[in-house]
Amino acid sequence: THPKVEEAFELMRGGRMDRREFVRVAALLGMGATTAYAMAGLKSPAHAASMMPFVADDPAAKKGGVLRVSMQVQKMEDPATYSWVQMSNQTRHTTEYIAMTGVDNITRPMLAEKWEASPDLKTWTITIRQGVMWHTGEELTAEHVKWNFERWMDPKTASSNIGLSTFASMVEEVDKGEKDKDGKPVKTKQMIAGSLETPDKYTLVLKLSKPVLSVPEDLYNYPTTILHPSFKPPFANNAIGTGPFMLAELKVGEKCVLKRITKTTDGKDFKYWGGEVYLDEIQYFNYETENQLTAVAAGDVDACYEFDSSQLEFAKTVADSEIVTARTAQTSVVRMQVDQKPFDNKDVRKAFAMAIDNEAVKNLTYPVGGDVAQNHHVAPIHPEYFELPALKRDVEGAKALLKAAGVENLEMTVDVGNTEGPWQQAMCEAMRDQVKDAGIKLNVNVMPASKYWEIWDKTAFGATSWTHRPLGTMVLSLAYRSGVPWNESHYKNPDFDAALNDAEATLDVAARKAKMEKVQKILQDDAVFVQVVWRPIFALSKKTIHGFPGHPTQYHQFNKVWVG
């Protein structure tokens, strides 16, 4: 076993790591999930095999049938630059991932057969499954995977993956030989030479500049799907993958149809590596969040992507259906671009945050389930979460900060697209009513979800949804590390980056929690955003649909779903 697994086992025995966190760590370091569960003294979920990502086949499962799901149907341009889960769900059954994190938060090999990490966690050797077939009839190789990794780290691609810890440790800043408007050198990030090696057809070696534990988890982040090297955007016109389905039809804002693939493009029988798949078709029909549940109730679809807590009582009345729910790290942040006026003044940002009662706004907008958030984007369900003192509203303190900043009567406008439902608008309106007491006039600009998708990283002040990630450090790396593509707030703090690096490299959960106090406090004190809720997810499926998964990320993986 990896020495870090032995270390984790001793931490578990000493009470410094819980059993489920031990299983997660052991699986990340290459141990089979079944073995890790046994070492922890826990019962393993029913998976097909210890090194397979899918649940075991249901003996009663029947082949055939169509699954109809209500969800926003979005454009499919380049999976490496996807910024919404819905478009990744439309893609997920056509192209696949190196690893897959299950509903139990355990990461298992997918297109990989296994992985191994060096004792210092800087060298990772990934073994690609043999016999995985592309839709073209070719076999998947390590070179194909390497091409994807290189593409993600190419600044021309502009993929958010470069912000993940794995890829952040394989890139360096280089001078572009250009000057910005202030005469300063323009720098960009590019891959460090020698970071990737393919010693043979099925082996890919990652050489990192710093220790990273979360490599396998990073490889199930939704923009890390593996594309065929012939790929040219848009994906909708060139949807080649290794998955059991092919894209048959896409009408943005209307429907997306996926059909089981039986023949390769060169006329061979297609053999899927992942075992039995039961559905003949997956059909997504476009409904905004507030209407997805109604579509199930009307019989127009079999399941919905989501509904919010205000519809929970209605969901309970829908006949012959089941509510699927999960506690999550899903959230919405009302964030400010710190290099744009008036948000370039930290006192203004702090005043806005201080004028808001996070718990009160959460209870108004998401009264059922969920957790109160504390403006640092690390959730109570994250294993490294450090519980800071609860934030308290301070209207007089907010007024004093605004007076010191010379903006006692401040007016500003927040953009909100209700991309996850009308609760986001209600959240902003509740904030509007509270900050008024501090002398801030907040206008709420409600726009269509599709419009907000176009400007979410450009608007100076916006309410943006972020999906669940298994680690708080993962989302912090994606959203707030200096210079990464998804840093929508333009936040740049070397002390934060260094503290985050330190926490990420720490295996001992108790020690990592202690280090996260500094990480979370820096972000909270810099008042980059206001975040009031960690929301649960609710979905509904008909009882005729078996195995419909309730994943906290809302990632759809329907390989073992069947219609009865």
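Start with the largest cavity in this predicted model, whose lining is made of 16 residues. Those lying nearest its centre are S83, Y222, S465, W466 and T467. The space inside comes to about 170 Å³. If you want to know which elements form the walls, look at α4 (85-91) and β18 (461-466), each of which supplies at least two lining residues. Of the elements, β18 gives the most, with three residues. By type, the lining splits into seven nonpolar, seven polar and two charged residues. This cavity has company: a search of the whole structure turns up five cavities of 30 Å³ or more. As for how such spaces are found, rolling a probe the size of a water molecule over the atoms shows where empty space is left.

Now move to the largest pocket, with a volume of about 860 Å³. Its lining takes in 25 residues, and E173, K187, T188, G483 and V484 are the ones nearest the centre. Two strands are worth colouring here, since β6 (171-179) and β7 (185-191) are the elements that give two or more residues to the lining. The largest share, five residues, belongs to β7. What kinds of residue line this pocket? Ten are charged, nine are nonpolar and six are polar.

Next, the packing. In soluble globular proteins, nonpolar side chains tend to be buried together. In this model, the largest nonpolar core has 127 residues, and F149 and L206 touch the most other members. Helix α2 (residues 19-28) is the element that gives the most to this core, with six residues. There is also a second, separate core of 44 residues, which includes M336, V348, V395 and V532. To get a feel for the surroundings of L206, select its contacts beyond four places in sequence: K122, T123, W124, I126, F149, T166, M170, S195, L196 and V215. So F149, the other residue named for the 127-residue core, is also one of the contacts of L206.A charged residue can be tucked away too. R151 lies in helix α5 (residues 142-153) and is buried, because its relative accessible area is 16%, under the 20% cut-off. Setting aside residues up to four places away in sequence, R151 touches D78, A80, T157, L227 and F231.

Helix α10 (residues 346-354) is another stretch to look at. At its start, a side-chain oxygen of N345 reaches to within 2.9 Å of the backbone nitrogen of D347. Which residues of the helix are buried? They are V348, R349, A351, F352 and A353. Of these, V348 has already come up as a member of the 44-residue core. An α-helix has 3.6 residues a turn, so residues three or four places apart point the same way.

A few spots in the backbone deserve a look as well. Most residues other than glycine have a negative phi, and most peptide bonds are trans. A cis peptide bond joins P233 and P234, with omega about 5°, and P234 sits in the loop between α7 (215-218) and β10 (245-251). Another cis bond runs from K341 to P342, where omega is near 0°. P342 belongs to the loop between β14 (321-336) and α10.

As for phi, L121 has a positive value near 65° without being a glycine. You'll find L121 in the loop between β4 (112-117) and β5 (123-128). Is L121 buried or exposed? It is buried, with a relative accessible area of 6%. N375, also not a glycine, has a positive phi of about 65°. N375 lies in the loop between β15 (371-372) and α12 (395-405), and it counts as buried because its relative accessible area is 4%.

Finish at strand β20 (residues 533-542), where I537 is found. I537 is buried, at a relative accessible area of 7%. Its contacts, leaving out neighbours within four places in sequence, are V324, T325, A326, T328, Q330, H551, P552 and Q554. For a view of how the chain folds back, compare I537 with G369: the two are 168 residues apart in sequence, yet their C-alpha atoms are 9.2 Å apart in space.

Technical notes
Residues are numbered from 1 along each chain as its sequence is written. This is a predicted model: local features need pLDDT of at least 70, side-chain atom pairs count only at pLDDT 80 or more; totals for chains, interfaces and linings use all residues. Side-chain values use heavy atoms; hydrogens and water are left out. Buried means under 20% relative accessible area, exposed over 50%, partly exposed in between (1.4 Å probe, protein chains only). Helices (H or I, at least four residues) and strands (E, at least two) are DSSP runs, numbered from the N terminus. A polar contact is a pair of N or O atoms within 3.5 Å; within protein, one must be able to donate a hydrogen and the other to accept it, and residues adjacent in sequence count only if both atoms are side-chain atoms. A nonpolar core is a set of buried Ala, Val, Leu, Ile, Met, Phe, Trp, Tyr and Cys residues joined through side-chain atoms within 4.5 Å. Contact means heavy atoms within 4.5 Å. On a 1 Å grid over the protein atoms alone, a cavity is a set of points where a 1.4 Å probe fits but cannot get out, and a pocket is an open set with protein on both sides within 12 Å along at least five of seven lines; lining residues have an atom within 4 Å of a point. Grid points are joined across faces, edges and corners, and a volume is the space filled by probe spheres set on the points. Ala, Val, Leu, Ile, Met, Phe, Trp, Tyr, Cys and Pro count as nonpolar, Asp, Glu, Lys and Arg as charged, and the others, Gly among them, as polar.
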